[in-house]
Amino acid sequence: MKLLIIRHAAAVPRGTPGIADDDRPLTPSGKTKFRAAAQGLARVTGRPDLLLTSPLPRAKATAEIAALAFKRVEPRIEPALAGESAEDIVAALRRLPPVQTIAIVGHEPVLSALLAHFLGASQPERLAFKKGGAALVELPDGPAAAGKLVWFLKPRILRALAVD
């Protein structure tokens, strides 16, 4: 199995008056930049078999943009991706049918913790995702076992990959 881990694109800042943290939407610039990054993602990974997203608006919007770039894949809500536990995400992944590639869209710092978990790294903060960044991990024995990092890319690199 391959796991494509994607952090949501740039959203309005925390503490924006009148917008609760869980309700923060993507900024117009975040949407525009992630559209290009998603094209780069699609170019280097192809279409995932399954696209899971946090239910929070900024992640759902990011997943919808990714789905358009991947073509013929619909985002599916996975509540564990809105939480703060890498173990809960691993448990959710273990319940899924075995497929070739799963893409997930979520939030920091749990995505760094998840990546660190799969790589056996002790300092997840050193694996921090930029907004709109992504990593691809090979999990030969599924999400219950260790994995191997294939790549870890900043959004500006993904945007550069979209250019022909």
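In this predicted model, R24 is buried, with a relative accessible area of 7%. R24 forms a salt bridge with D21. The closest N and O atoms of that pair are 2.7 Å apart. D21 also meets the side chain of R14 in a salt bridge, at 3.3 Å from N to O. R14, D21 and R24 are thus linked in a network of salt bridges. The members of this network differ in exposure. D21 is partly exposed, with a relative accessible area of 31%. R14 counts as exposed, at 62% relative accessibility. R24, by contrast, falls under the 20% limit for a buried residue, at 7%.

The count of salt bridges in the model comes to three. Besides the contacts of D21 with R14 and with R24, a salt bridge joins the side chains of E138 and K148. Its N to O distance is 4.0 Å. E138 lies in strand β5 and K148 in strand β6 (residues 148-153), so the pair ties together parts that are 10 residues apart in sequence. E138 counts as partly exposed, at 28% relative accessibility.

The two strands joined by this salt bridge are also paired through bridges. β5 and β6 run in the antiparallel sense over five bridges. Within this pairing, L136 stands opposite W151 of β6. Four of the five residues of β5 are buried, so the strand is largely enclosed by the rest of the structure.

Strand β5 (residues 134-138) pairs with β1 as well, again in the antiparallel sense and over five bridges. I5 stands opposite A135 of β5. The bridge partner of L3 in β5 is V137. β1 has a further partner in β4. Six bridges join β1 to β4, and these two strands run parallel. Burial is extensive in β1 too. Five of the six residues of β1 are buried, so this strand is largely enclosed by the rest of the structure. In a regular strand the side chains alternate between the two faces of the sheet.

R7 deserves separate description. This residue is placed in strand β1, and its bridge partner in β4 is G106. R7 is buried yet has no salt bridge. The nearest side chain of opposite charge is that of E108, 5.1 Å away. A salt bridge requires a nitrogen-to-oxygen separation within 4 Å, so a pair at 5.1 Å does not qualify. The side chain of R7 instead reaches the backbone oxygen of F129, at 2.8 Å. Neighbours within four places in sequence left aside, R7 is in contact with T62, G106, E108 and L111, and with F129, K130, K131, G132 and G133.

One of these contacts of R7, T62, is also among the buried residues of α2. Helix α2 comprises residues 57-70. At 1.5 Å a residue, its 14 residues should span 20 Å. The end C-alpha atoms of α2 are 20 Å apart, which agrees. Burial is extensive here also. Of the 14 residues of α2, 10 are buried, so the helix is largely enclosed by the rest of the structure. The buried residues are R58, A59, A61, T62, A63, I65, A66, A67, A69 and F70. They pack against four strands and a helix: β1 (2-7), β2 (50-53), β3 (75-77) and β4 (101-106), together with α1 (28-45). Just after α2, K71 takes a positive phi of about 65°.

Helix α1, one of the packing partners of α2, includes P28. P28 is exposed, with a relative accessible area of 65%. The C-alpha atoms of P28 and V12 are separated by 9.3 Å. These two residues are 16 residues apart along the chain.

Definitions and conventions: Residues numbered from 1 in each chain as written. Predicted model: local features only at pLDDT ≥ 70, side-chain atom pairs only at ≥ 80, totals over all residues. Heavy atoms only, no water. Expected span 1.5 Å × (residues − 1). Buried < 20%, exposed > 50% of the residue type's maximum accessible area, 1.4 Å probe, protein only. Contact = heavy atoms within 4.5 Å. Pairing = 2+ DSSP bridges. Lys, Arg positive; Asp, Glu negative; His and termini not counted. Polar contact = N/O pair within 3.5 Å; in protein donor to acceptor, adjacent residues only side chain to side chain.
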